[in-house]
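Hi there,

Here is the structure I promised to pass on to you. Have a look at it first, and then read on for what turned up.

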Amino acid sequence: YKRQVPFLLLQQNARRNTVIQFHKDLVNILPPDGIASRLVLGLWRRIHRLVFLSEGLATTAKERFGLDSTAISVIPNGLDEEWLRYDAEPREKRRLDVAFFGRWSPEKGVDDLAEIFGTDRLGDRFSCHVYGANHEQDIQSNLVFHGWANRDTVIDAIRHAVVVLLPSYAEAYPMVLLEATAVGTPFVSTSIAGIPDIATASGGGEVCAPGDVDGLERALEALLQDEQRWARASDQGYRWAQSQTAAAMAGQWSELLADLET
């Protein structure tokens with residue numbers, strides 16, 4: 001927000017139409033200080049169009065922060081066409097139980113991840129492959145660390161995981177869940193920001209409250225062991241993802257900008 005304020009003041013002084021796209025939940029963007037928060041909200045209320053990544057994020061903006069619904073649009077992130085070139089691998093060809101992608105940091109829910117795959121929990125039967133993070137300490141969990149991986153490795157891992165897990169505490173509209181649906185990989189994630197919208201629209205995954213380790217474990221176990229449940233989520237997510245292209249979202253942006261010009 002500190003970078004936004006001078007820009008917005010200049011735009012308003014020049015009487016220019018302005019569009020802001022929010023990549024995070026407003027709860028995580030607004031400054032904690034009351035005066036600064038009111039200043040930023042006051043500037044946002046004068047913006048011509050506020051674009052959010054999901055209906056849930058837009059609803060929060062309207063109901064919690066009082067932003068004008070007539071100035072709000074929803075345009076999600078879109079998938080690169082490369083993700084739509086792949087068929088969904090059948091379950092029997094998938095060689096990874098669960099895959100996690102992200103930094104090894106508390107906000108990504110890694111402590112919950114380690115607990116879920118402890119040897120007294122799912123770790124006694126299943127393993128979780130961790131991409132994008134290394135951890136040198138001895139963890140009594142069935143986690144396999146691969147470190148930062150190139151794009152081809154990531155695609156291969158998502159395609160060949162039975163389930164993608166994202167136990168995060170801070171997200172907006174995570175691309176990894178869209179990418180999972182695009183290759184027919186069901187997901188389990190936390191019910192924050194725009195993630196419930198992805199789960200509801202796609203039918204390709206399940207969500208639990210952040211920090212609900214027991215709930216996340218049950219959702220994972222259900223998808224890992226119930227073949228019909230897994231197949232249903234895989235198929236529904238795969239079919240939904242075909243319409244979530246970057247080209248389709250670019251069309252929505254074109255319409256929005258053309259509308260502002262008129």
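**What I found**

Let me start with Ser-254, which sits in helix H10, the stretch covering residues 246–261. Please keep in mind that this is a predicted model. Ser-254 counts as partly exposed because its relative accessibility is 48%. From Ser-254 to Ala-88 there are 166 residues in sequence, and their C-alpha atoms are 31 Å apart in space.

Next, the sheet. It is an open sheet of 6 strands, ordered E6-E5-E4-E7-E8-E9, and the pairing is parallel. Strand E6 (143–147) and strand E9 (205–208) are the edge strands, each pairing on one side only. On average, neighbouring strands in this sheet are turned by 25 degrees against each other, direction ignored.

Within the sheet, E7 pairs with strand E8 (residues 187–190) in the parallel sense over 3 bridges. Leu-165 has Val-188 of E8 as its bridge partner. Helix H8 (residues 213–225) packs on the sheet and touches E4, E7, E8 and E9. The direction of H8 makes about 170 degrees with that of E8. Helix H7 (residues 195–202) lies across E7, E8 and E9, and runs at about 150 degrees to E8.

Then there is helix H5 (residues 151–160), whose buried residues are Ile-155, Ala-157, Ile-158, Arg-159 and His-160. Their cover includes strand E4 (96–101), strand E5 (128–131), strand E7 (161–166) and helix H6 (175–182). At the N-terminal end of H5, Asn-150 acts as a cap, with a side-chain oxygen 3.3 Å from the backbone nitrogen of Asp-152.

I saved Arg-94 for last, as you may enjoy this one. Arg-94 belongs to the loop between strand E3 (72–74) and E4. What is the nearest side chain of opposite charge to Arg-94? That is Glu-89, at 6.5 Å, and Arg-94 is buried yet has no salt bridge. The side chain of Arg-94 does have backbone partners: one of its polar atoms lies 3.0 Å from the backbone oxygen of Glu-89, and the side chain also reaches the backbone oxygen of Gly-184 at 3.3 Å. Leaving aside residues up to four places away in sequence, Arg-94 touches several others, among them Ala-88, Val-162, Val-183, Thr-185 and Trp-230. Its contacts also include Ile-158, Arg-159 and His-160, which are among the buried residues of H5.

Happy to talk it through whenever suits you.

Best wishes

Terms used:
Residues are numbered from 1 along each chain as its sequence is written. This is a predicted model: local features need pLDDT of at least 70, side-chain atom pairs count only at pLDDT 80 or more; totals for chains, interfaces and linings use all residues. Side-chain values use heavy atoms; hydrogens and water are left out. Buried means under 20% relative accessible area, exposed over 50%, partly exposed in between (1.4 Å probe, protein chains only). Helices (H or I, at least four residues) and strands (E, at least two) are DSSP runs, numbered from the N terminus. Contact means heavy atoms within 4.5 Å. A polar contact is a pair of N or O atoms within 3.5 Å; within protein, one must be able to donate a hydrogen and the other to accept it, and residues adjacent in sequence count only if both atoms are side-chain atoms. Lys and Arg count as positive and Asp and Glu as negative; His and the chain ends are not counted. A salt bridge is a side-chain nitrogen of Lys or Arg within 4 Å of a carboxyl oxygen of Asp or Glu. Two strands pair if DSSP finds at least two bridges between them. Axes are lines fitted to C-alpha atoms, for helices over the stretch in contact, and angles run from 0 to 180 degrees between N-to-C directions.
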